[in-house]
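Got the viewer open and a selection box ready? Let's walk through a few stops together.

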Amino acid sequence: MDTVVISHSPNATDPDLVDVIVGTGVIEHSEVWPGAGPGTMPAVPRFAVAEEDYRGGPIGECHSIDGLLAPRKVRPDIPLQLIGCEPGERLLAALRNPRAWTQEWGVLVALDRFGREMGSHWVRLEIAKVSASVLGGSLIDITLADGGDDDRPSLGARRIWETWYQGFPTTPKQWASLDTGGRAEWLDLIRPLPGGEPDRTGGTPSP
């Protein structure tokens with residue numbers, strides 16, 4: 001996936017062949033051939049070079065690929081702390097049996113005061129720690145062992161969500177001082193909503 005050609009040169013032993021060096025991501029599918037397991041090859045492997053989604057069939061084939069099964073660094077888990085959680089019945093049930101959720105995924109959703117979604121982020125529901133909340137009262141703080149991938153909301157998103165929390169902004173050009181990432185967050189909040197409702201810019205989505 002996400003393959004980019006870095007260089008190419010004639011093969012040292014066969015002038016009819018070309019050696020190609022690419023940079024790419026790798027996704028391993030263990031069910032491609034019967035009896036295959038992680039990190040294995042079929043008895044007679046075949047490597048095809050194709051466009052995205054294999055449309056039009058292969059554009060070429062390779063005799064071998066060096067480095068395909070090489071060890072790769074795994075991104076370390078990055079904990080995520082949820083501060084001020086209300087321990088409702090469903091949450092308490094999950095906390096009573098945290099091991100059941102270790103391999104499950106959930107989504108954190110930021111809502112405005114009217115319940116409209118402002119942002120979301122996928123996380124793995126492996127609970128590492130639960131404690132009384134630093135906010136006091138009956139709230140609790142939960143630390144997830146892995147807060148999901150690196151595509152987390154930026155720190156600038158907090159300022160934007162605080163602006164939108166009370167509803168649609170009424171003061172013009174509050175986005176003007178934002179950087180590129182902040183403006184992208186802002187645009188996510190004004191895009192047309194599903195179901196044909198008017199968008200938050202006052203326009204109407206196309207059919």
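This tour goes from a small sheet to a helix with two faces. One thing before you click: the model is predicted.

**Stop 1: the sheet.** Select 80-85, 127-132 and 140-144, which are strands E5, E8 and E9. You're looking at an open sheet of three strands, ordered E5-E9-E8 and paired antiparallel. E5 and E8 are the edge strands, each pairing on one side only. From one strand to the next, the twist averages 15°.

**Stop 2: one pairing.** Keep just E5 and E9 on screen: their antiparallel pairing runs over four bridges. Now show Gln 81 as sticks; which residue of E9 stands opposite Gln 81? That's Thr 143.

**Stop 3: the helix across the sheet.** Bring back E8 and add residues 89-96, helix H1. H1 lies across E5, E8 and E9, and runs at about 50° to E9.

**Stop 4: the two-faced helix.** Jump to 156-164, helix H2, and colour Ala 157, Ile 160 and Trp 164, the buried residues of this helix. Why do they line one face? Turn the view so you look down the axis of H2: the buried residues fall within an arc of 65°, so they line one face of the helix. The general rule is handy here: an α-helix has 3.6 residues a turn, so residues three or four places apart point the same way. Then pick Arg 158 and Glu 162, which are exposed on the other side of H2.

**Stop 5: what the buried face meets.** Finally, add 117-124 (strand E7) and 180-190 (helix H3). The buried residues of H2 pack against both of these elements.

Key
Residues are numbered from 1 along each chain as its sequence is written. This is a predicted model: local features need pLDDT of at least 70, side-chain atom pairs count only at pLDDT 80 or more; totals for chains, interfaces and linings use all residues. Side-chain values use heavy atoms; hydrogens and water are left out. Buried means under 20% relative accessible area, exposed over 50%, partly exposed in between (1.4 Å probe, protein chains only). Helices (H or I, at least four residues) and strands (E, at least two) are DSSP runs, numbered from the N terminus. The arc is that of the directions from the helix axis to the C-beta atoms. Contact means heavy atoms within 4.5 Å. Two strands pair if DSSP finds at least two bridges between them. Axes are lines fitted to C-alpha atoms, for helices over the stretch in contact, and angles run from 0 to 180 degrees between N-to-C directions.
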